Amino acid sequence: MKLYDKITVFGLVLAMLFLSGCTDDVAAYMGTWKRVADGDSMYRGFTLGGNGIAASINNTETQYNAWHRKRDTLWLSGKRFTDTTVLPFTDTMTVKKLSQDSLVLLYKGELLHFSRE
């Protein structure tokens with residue numbers, strides 16, 4: 001094998017290793033996540049489904065319909081309902097921790113702890 005061919009093969013192997021380390025594991029985020037907020041007796045949360053579909057749980061003011069994640073940022077989009085208006089929104093959160101049964105998000109300076117249902 002010529003030196004040029006060896007360099008090309010080595011470059012391709014490095015590129016594949018780099019790309020495999022950068023893949024987003026969307027499946028790790030999919031599922032139903034819930035939390036009980038301080039002073040609340042009912043849990044609230046959301047479901048992250050395939051194809052970027054999201055849904056709210058026990059939240060009449062906020063209706064999630066979409067989600068997206070890139071690296072350590074999670075975006076949840078939907079509609080917020082007030083007495084007089086319906087407003088589209090996108091919340092941007094930083095993922096601080098993700099495990100099989102726990103998701104911790106930083107949102108507006110507050111850590112939100114969710115457990116997988």
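1. In this predicted model, strands β7 and β8 form a hairpin with two residues between them. Lys-108 lies in the turn of that hairpin and has a positive phi of about 55 degrees. The two strands run antiparallel and are joined by six bridges.

2. Strand β7 also pairs with β6, again in the antiparallel sense, over four bridges. The connection from β6 to β7 is a hairpin as well, and three residues make the link. Strand β7 is therefore largely enclosed by the rest of the structure, since five of its six residues (residues 102-107) are buried.

3. Val-104 illustrates the position of β7 between its two partners. Towards β6, the residue standing opposite Val-104 is Lys-97. Towards β8, the bridge partner of Val-104 is His-113. The student may find it helpful to locate these residues in the structure before reading further.

4. The wider fold may now be considered. The protein contains one helix and eight strands. Along the sequence, the helix is followed by the strands, in the pattern α-β-β-β-β-β-β-β-β. Among the contacts with a separation of 6 or more, 26% are between residues 24 or more positions apart.

5. Of the 117 residues of the protein, 25% count as buried. The accessible surface amounts to about 8,100 Å², and carbon and sulfur atoms account for 58% of this area.

6. Is Thr-62, a residue of strand β4, buried or exposed? Its relative accessible area is 8%, and the cut-off for a buried residue is under 20%; Thr-62 is therefore buried. Leaving aside residues up to four places away in sequence, Thr-62 touches Ser-56, Lys-79, Arg-80 and Phe-89.

7. The largest pocket has a volume of about 390 Å³. Which residues lie nearest its centre? They are Arg-35, Asn-59, Tyr-64, Leu-112 and Phe-114, out of a lining of 20 residues. By class, this lining comprises 10 nonpolar, seven charged and three polar residues.

8. Several strands contribute to the lining of the largest pocket. At least two lining residues come from each of β2 (44-48), β4 (62-70), β5 (73-81), β6 (86-98) and β8 (110-116). Two of these strands, β6 and β8, have already been described as pairing partners of β7.

Technical notes. Residues are numbered from 1 along each chain as its sequence is written. This is a predicted model: local features need pLDDT of at least 70, side-chain atom pairs count only at pLDDT 80 or more; totals for chains, interfaces and linings use all residues. Side-chain values use heavy atoms; hydrogens and water are left out. Buried means under 20% relative accessible area, exposed over 50%, partly exposed in between (1.4 Å probe, protein chains only). Contact means heavy atoms within 4.5 Å. Accessible areas come from the Shrake-Rupley method with a 1.4 Å probe; for residues, only the protein chains shown count as cover. On a 1 Å grid over the protein atoms alone, a cavity is a set of points where a 1.4 Å probe fits but cannot get out, and a pocket is an open set with protein on both sides within 12 Å along at least five of seven lines; lining residues have an atom within 4 Å of a point. Grid points are joined across faces, edges and corners, and a volume is the space filled by probe spheres set on the points. Ala, Val, Leu, Ile, Met, Phe, Trp, Tyr, Cys and Pro count as nonpolar, Asp, Glu, Lys and Arg as charged, and the others, Gly among them, as polar. Two strands pair if DSSP finds at least two bridges between them.
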